[in-house]
Amino acid sequence: MTYQEWFREDRLPHIYCTGCGNGTVINCTLMAVDEMGWKKEDTAFISGIGCSSRAPGYIVTDSLHTTHGRALAFATGVKLGNPDLHVVVFTGDGDLAAIGGNHFIHACRRNIDLTVVCMNNQIYGMTGGQGSPTTPMGALSTTTPYGSAEPAFDLCELAMAAGANYVSRWTSYHVKELTRAVLTGMQTPGLSFIEALVQCPTNYGRRNKFKQVLDQVEFMRSHTVLIQKLKRMEEQGEKFPDPVIPVGEFVRRNRPALGVKV
Amino acid sequence: MTRTDFMQGNTACAEGALAAGCRFFGGYPITPSTEVAEHMARKLPKAGGVFIQMEDEIASMASIIGASWAGKRSMTATSGPGFSLMMENIGYAVMTETPCVVVNIQRGGPSTGQPTMSGQGDMMQCRFGSHGDYSVIALAPASVQEMFDLTAKAFNLSDRFRTPAFLMADEIIGHMREKLVIPDTVPMQGRKPLQQGVLPFHPDEDLVPGFPQFGKGYGVHVTGLTHDERGYPCATSPALHEELVKRLVNKIESHRDEIADYDVVNPDAETVFISYGVPARSVQQVLHDQKNPDVGHLRLKLVWPFPDSALRIFKNAKTFLVPELNLGQIAREVQRHTKNEVVMLPKLGGALHSPAELTTVLEGYL
Amino acid sequence: MRHEVRFSGFGGQGIILSAVILGRAAAMYDNKFAVQTQVYGPEARGGASMSAVIIDDDPILFPKVITPDIFVIMSQEGFEKYGSEAPADAVMLVDSGLVHSRPGCRCIEVPATREAKQTLGREIVANIVMLGALVASTHVVGETAIEKAILDSVPKGTESLNLKAMTRGFELISKGE
């Protein structure tokens with residue numbers, strides 16, 4: 001089997017804009033699923049609302065496209081209702097960290113056995129480019145026309161502090177690393193949180209000096225530093241990119257988890 | 001073996017759910033409903049079920065919908081403010097045709113209102129509280145026994161019609177203790193599974209589609225967006241949206257008489273009380289004390305869909321008296337279905353209509 | 001015959017449990033009908049708590065107390081809030097060590113808390129002493145029924161202490177102490 005066999009072909013083409021990074025994240029996730037050897041009938045994809053959350057609709061398994069921000073609460077019910085199911089949640093930065101922020105920290109605290117993949121495009125894409133909790137300070141959006149004045153959330157730090165067993169961040173540039181991270185997350189009991197920074201050329205890039213899709217992808221390449229390496233650079237006073245995006249595995253641990261199949 | 005107990009209404013509700021095979025409860029503490037959750041927390045793990053205290057009522061409602069798709073009979077219990085928070089996901093359950101039971105131990109509202117006092121102010125919220133057009137099923141218990149019986153029944157109705165079913169109780173019934181007879185078994189009518197080869201949202205003749213439980217290989221896509229019979233989003237088709245919403249309403253409204261559940265006393269009477277929930281007890285006392293065949297009583301055990309045909313049983317009726325612990329929510333519904341005089345007998349604050357109070361009103365109509 | 005029994009005292013005395021036990025005795029062991037209700041407030045301890053039981057030979061329709069004919073009062077604040085307007089034909093049991101006022105109706109003084117503390121060594125069973133006295137003086141339920149209901153309701157390991165408390169309550173009435 002290949003990852004392509006997991007697509008619900010009669011639903012394609014998808015709604016994503018040309019140059020969108022979400023498709024890359026879906027492919028990486030499905031490659032990990034395929035490598036896990038999960039069966040379609042034992043796997044469920046769950047999402048909230050937003051561009052990211054349309055992903056389950058393109059996958060052949062049982063899927064629940066729920067209300068805005070609440071995917072993790074629905075997924076908690078599905079997983080505890082039938083722990084034999086492998087449950088993967090697709091979400092976005094607005095869905096997960098704004099309206100769904102409380103469910104996010106509590107799902108991490110419970111350390112419930114879910115794989116949560118967040119496509120972080122740093123903007124509300126589907127509603128036309130409003131600022132989100134991960135919009136960088138100074139970035140332009142339709143609701144931050146003079147530049148965002150608010151500090152952004154670091155979703156990985158949040159997940160780690162709240163108790164998730166596995167946390168990592170990559171970007172849509174880092175296809176192999178991202179796939180491996182999702183795979184490791186799926187292998188780790190408890191809540192696995194994988195943040196994937198993605199380009200949104202339509203609603204983020206064109207307002208923030210990324211004229212071409214590749215400009216933003218190049219930015220994600222050149223401004224990311226492995227978290228361990230970054231620590232070393234900081235300690236040794238070396239220069240690193242500004243702004244810098246730490247990537248890699250933030251934590252992998254074995255704290256008590258909820259809903260693990262026995 | 002049938003057993004008896006002297007039990008609180010909220011506990012009886014939980015026992016009714018357990019007897020009906022409820023094996024998932026997601027909830028959040030709120031007065032005066034908390035005893036339902038507490039009893040489920042004690043009993044569910046021993047029955048092989050799952051109890052989870054969620055972070056709020058929004059998540060509670062979400063969790064029981066998720067568990068329902070995973071194949072569990074699921075329930076939550078709440079009161080006023082929590083019920084308000086559940087509204088969006090209740091609409092999601094309606095749109096996705098997810099069976100689940102929501103218990104509302106009503107208290108005085110609006111807002112924080114009277115947490116420890118009774119009320120029936122959420123009757124219209126339960127009917128219309130989420131956005132968009134839809135129908136639901138709502139039961140109204142008037143005794144501890146009915147907290148058990150009607151909770152169990154709510155699961156059957158919810159599964160039969162694939163819709164959220166509400167137990168609209170109140171603080172008085174929820175907190176009072178009476179003798180409860182717990183039967184060996186309760187009537188069970190489960191979900192009909194989706195037949196192979198049938199589209200997941202293609203309805204049968206009764207307008208209800210078969211249930212494609214997760215994990216059974218259906219590969220169903222479930223969305224709150226307007227969807228076609230495959231379950232795929234088609235949110236911009238006017239015809240499809242109209243067809244879907246009308247079916248969601250008609251699958252319930254066209255079965256009003258099948259769903260209806262009420263008691264009738266003195267059907268030839270000219271003056272008739274209509275009650276549901278705890279005020280029924282005041283009316284029963286009045287009828288018991290008066291022993292007057294000219295005073296009738298229609299006691300609704302199920303309020304939504306409104307059983308309008310029951311009004312016509314009272315062929316000689318001239319006046320309907322409707323005591324409620326709100327400002328006339330169901331009296332207004334009665335008015336829609338009759339040309340007879342409808343007298344609202346509203347009461348707020350938490351106390352029940354006293355028999356003396358109702359007798360005084362009644363004497364003005366005899 | 002409909003009896004309406006009202007219990008009042010301060011939170012933590014077991015006022016609500018007393019009513020639950022009495023209702024249970026009537027409904028489960030005396031072939032009668034019973035409804036128990038209570039006043040809920042935000043305070044878990046202290047304050048004046050109140051609980052009521054209606055006992056009848058016929059099904060109870062209206063579930064709330066209209067005019068109590070039996071009062072069990074275990075605190076001064078409880079008397080002032082829930083006992084001072086007792087009708088003349090009612091009967092009131094008061095914890096004589098805790099309630100200073102006396103009603104206009106027939107009053108039975110029961111030193112329940114003193115007995116619980118001094119004779120039984122545990123103040124916490126004062127409400128059970130009171131229940132024993134209530135049953136012995138009013139016969140609102142039978143002695144066997146109240147005994148069974150107490151055994152159903154108290155924590156494991158405390159059965160004999162509670163039965164002693166109940167019996168002490170019976171004696172306070174029968175011996176006119």
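Helices are DSSP runs of H or I with at least four residues, and strands are DSSP runs of E with at least two, both numbered from the N terminus. Read in this way, the elements of chain C in this predicted model run β-α-β-β-β-α-β-β-α-α-α-α from the N terminus on. Chain C thereby comes to 6 helices and 6 strands.

**Chain C as a whole**

Chain C has a radius of gyration of 15 Å, and a compact globule of 177 residues would have one near 16 Å, so the two values agree. Along the principal axes, the C-alpha atoms of chain C fill a box of roughly 40 × 35 × 35 Å. Of the 177 residues of chain C, 51% count as buried. Contacts within chain C can also be sorted by separation in sequence: among those between residues at least 6 apart, 60% join residues at least 24 apart.

**Where chain B meets chain C**

Chain C is also in contact with chain B: 16 residues of chain C meet 18 residues of chain B. On the chain B side, four elements each supply at least two residues, as listed here.

| Element of chain B | Residue range |
|---|---|
| β1 | residues 3-8 |
| α7 | residues 171-175 |
| β9 | residues 177-182 |
| α10 | residues 279-290 |

Which element gives the most to the side of chain B that touches chain C? That element is α10(B), with 5 residues. By residue type, the side of chain B that touches chain C divides into 6 nonpolar, 8 polar and 4 charged residues.

Notes: Residues numbered from 1 in each chain as written. Chains lettered and ligands numbered in written order. Predicted model: local features only at pLDDT ≥ 70, side-chain atom pairs only at ≥ 80, totals over all residues. Contact = placed C-beta atoms within 7 Å. Nonpolar A, V, L, I, M, F, W, Y, C, P; charged D, E, K, R; others polar. Rg over C-alpha atoms; globule rule 2.2 N^0.38 Å. Buried ≥ 20, exposed ≤ 12 C-beta atoms within 10 Å, placed from the backbone.
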